[in-house]
Amino acid sequence: AGAGLLIRSFERLMAEPEGFNPRSVLTLQLSLPQSRYAKPEERTGFVKQAIERIAQLPGVASASAISRLPLKAGASTRSLEIQGRATRSGEPSLDYLAITPDYFTSLGIPLERGRVFTERDDRNAPRAVIVTDSAARQFWPGEDPVGKLVKIGACAANEKDWCRVIGVVGDVHQHELSAVPQPTVYVAYAQDPWPFMSVVARTRMEPASAAGAVESAIHAVDKDLPV
């Protein structure tokens, strides 16, 4: 009886939609050393060059990067302030993730409303964020959050700065399949460049067979960077 219950629970867990499509996806982890990438523009420049080289490889359909992959240990959270609304004490924080353009394409995460990040969302552009469907339901029930102004993460550094919500994407099981997806906010990597990232490459071949070429593309930008 115990074995039967275990098998049924495992089947239900495996049937739970992840919110993304991990098939045909290769991931690699990077950590940019402070000695060579102390400035935000240095980190942004490296990531942009590396992703562009990877995306141009034969057999790679799309390439991007994220500060923390789904279903990996750890979390980064930020509190949320919504313009024109009093901040409520004890309000849950949102998962906070920095991504490059094409991340949602690379992992097959659907865009539900608005738009995704582009190369125009750089450090000189107005601050922008994308929220998940669960965040939209929790913080803007019965409303469309696209166009709303919030303070979160990099937007909270200056009291005069606000981030505009530009899109809503589907929920992702960021922490574990057995838990309800948490409200999440995505920011453009160019507007908050982290020193550690995971590269995500969707391939048209067996992902492992593209690993060497992807690593070479990264080392073409920085030959001394561990991958």
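Student: Which strands each supply at least two residues of the lining of the second largest pocket?

Tutor: Strand 1 (25-31) and strand 11 (196-203) each do so. Keep in mind that this is a predicted model.

Student: How is empty space found at all?

Tutor: A probe the size of a water molecule is rolled over the atoms, and this shows where empty space is left. In the second largest pocket that space comes to about 160 Å³. Its lining includes Gln 29, Leu 30 and Ser 31, then Ser 67, Arg 68, Leu 69 and Lys 72, and also Phe 196, Met 197 and Ser 198. By residue class the lining divides into 4 nonpolar, 4 polar and 2 charged.

Student: What is the volume of the largest pocket, and which residues lie nearest its centre?

Tutor: The largest pocket holds about 310 Å³. It has 19 lining residues, and those nearest the centre are Lys 48, Thr 100, Pro 101, Glu 119 and Ala 190. Helix 2 (40-55) and strand 2 (60-66) each give at least two residues to this lining. Helix 2 contributes the most, with 6 residues. The split by class is 9 nonpolar, 4 polar and 6 charged.

Student: How many cavities of 30 Å³ or more are there?

Tutor: The count is 2. A cavity differs from a pocket in that the probe fits inside but cannot get out. The second largest cavity has a volume of about 30 Å³. Around it are Arg 68, Gly 74, Ala 75, Ser 76, Asp 95, Tyr 96, Leu 97, Gln 174 and His 175. These divide into 3 nonpolar, 4 polar and 2 charged. Arg 68 appears in this lining and in that of the second largest pocket.

Student: Now the strands. Is strand 7 (residues 128-132) enclosed or open, and why?

Tutor: A residue is called buried when its relative accessible area is under 20%. In strand 7, 5 of the 5 residues are buried, so the strand is largely enclosed by the rest of the structure. The cover is on both faces: Ala 128, Ile 130 and Thr 132 are buried on one side, Val 129 and Val 131 on the other.

Student: Which strands pair with strand 7, and in which sense?

Tutor: Strand 9 (residues 163-169) pairs with strand 7 in the parallel sense over 5 bridges. Within that pairing, Ala 128 has Arg 164 as its bridge partner. Strand 10 (residues 184-188) runs antiparallel to strand 7 and is joined to it by 3 bridges. There the partner of Ile 130 is Tyr 186.

Student: How many aromatic pairs does the structure hold?

Tutor: The structure holds 7. One of them joins Tyr 103 and Tyr 186, with 6.3 Å centre to centre and 45° between the planes, a tilted arrangement. The two residues are 83 apart in the chain, with Tyr 103 in helix 3 (residues 103-107) and Tyr 186 in strand 10. Tyr 103 is buried, at a relative accessible area of 1%, and Tyr 186 is buried with a value of 1%.

Student: Why is the pair of Trp 194 and Phe 196 called edge-to-face?

Tutor: Planes over 60 degrees apart count as edge-to-face. The planes of Trp 194 and Phe 196 stand at 80°, with the ring centres 5.3 Å apart, so the pair falls in that class. Trp 194 is buried at 9% relative accessibility, whereas Phe 196 is partly exposed at 34%. Ring pairs also bring in Tyr 96, making a cluster of Tyr 96, Trp 194 and Phe 196.

Student: Which charged ends sit over rings?

Tutor: Arg 78 has its charged end over the ring of Tyr 96, 4.3 Å from the ring centre. Lys 151 has its own over the ring of Trp 162, at 4.9 Å from the centre.

Student: Last, the backbone. Where do Leu 71 and Asp 102 lie, and what is phi for each?

Tutor: Leu 71 is in the loop between strand 2 and strand 3 (77-78). Its phi is near 65°, a positive value in a residue other than glycine. Leu 71 is partly exposed, with a relative accessible area of 38%. Asp 102 is in the loop between strand 5 (94-99) and helix 3, with a positive phi near 80°. Asp 102 is partly exposed, at 43%.

Key: Residues are numbered from 1 along each chain as its sequence is written. This is a predicted model: local features need pLDDT of at least 70, side-chain atom pairs count only at pLDDT 80 or more; totals for chains, interfaces and linings use all residues. Side-chain values use heavy atoms; hydrogens and water are left out. On a 1 Å grid over the protein atoms alone, a cavity is a set of points where a 1.4 Å probe fits but cannot get out, and a pocket is an open set with protein on both sides within 12 Å along at least five of seven lines; lining residues have an atom within 4 Å of a point. Grid points are joined across faces, edges and corners, and a volume is the space filled by probe spheres set on the points. Ala, Val, Leu, Ile, Met, Phe, Trp, Tyr, Cys and Pro count as nonpolar, Asp, Glu, Lys and Arg as charged, and the others, Gly among them, as polar. Buried means under 20% relative accessible area, exposed over 50%, partly exposed in between (1.4 Å probe, protein chains only). Helices (H or I, at least four residues) and strands (E, at least two) are DSSP runs, numbered from the N terminus. Two strands pair if DSSP finds at least two bridges between them. Rings of Phe, Tyr and Trp (its six-membered ring) pair if their centres lie within 6.5 Å; planes under 30 degrees apart count as stacked, over 60 as edge-to-face and the rest as tilted. A charge sits over a ring if NZ of Lys or CZ of Arg is within 6 Å of the ring centre and within 35 degrees of the ring normal.
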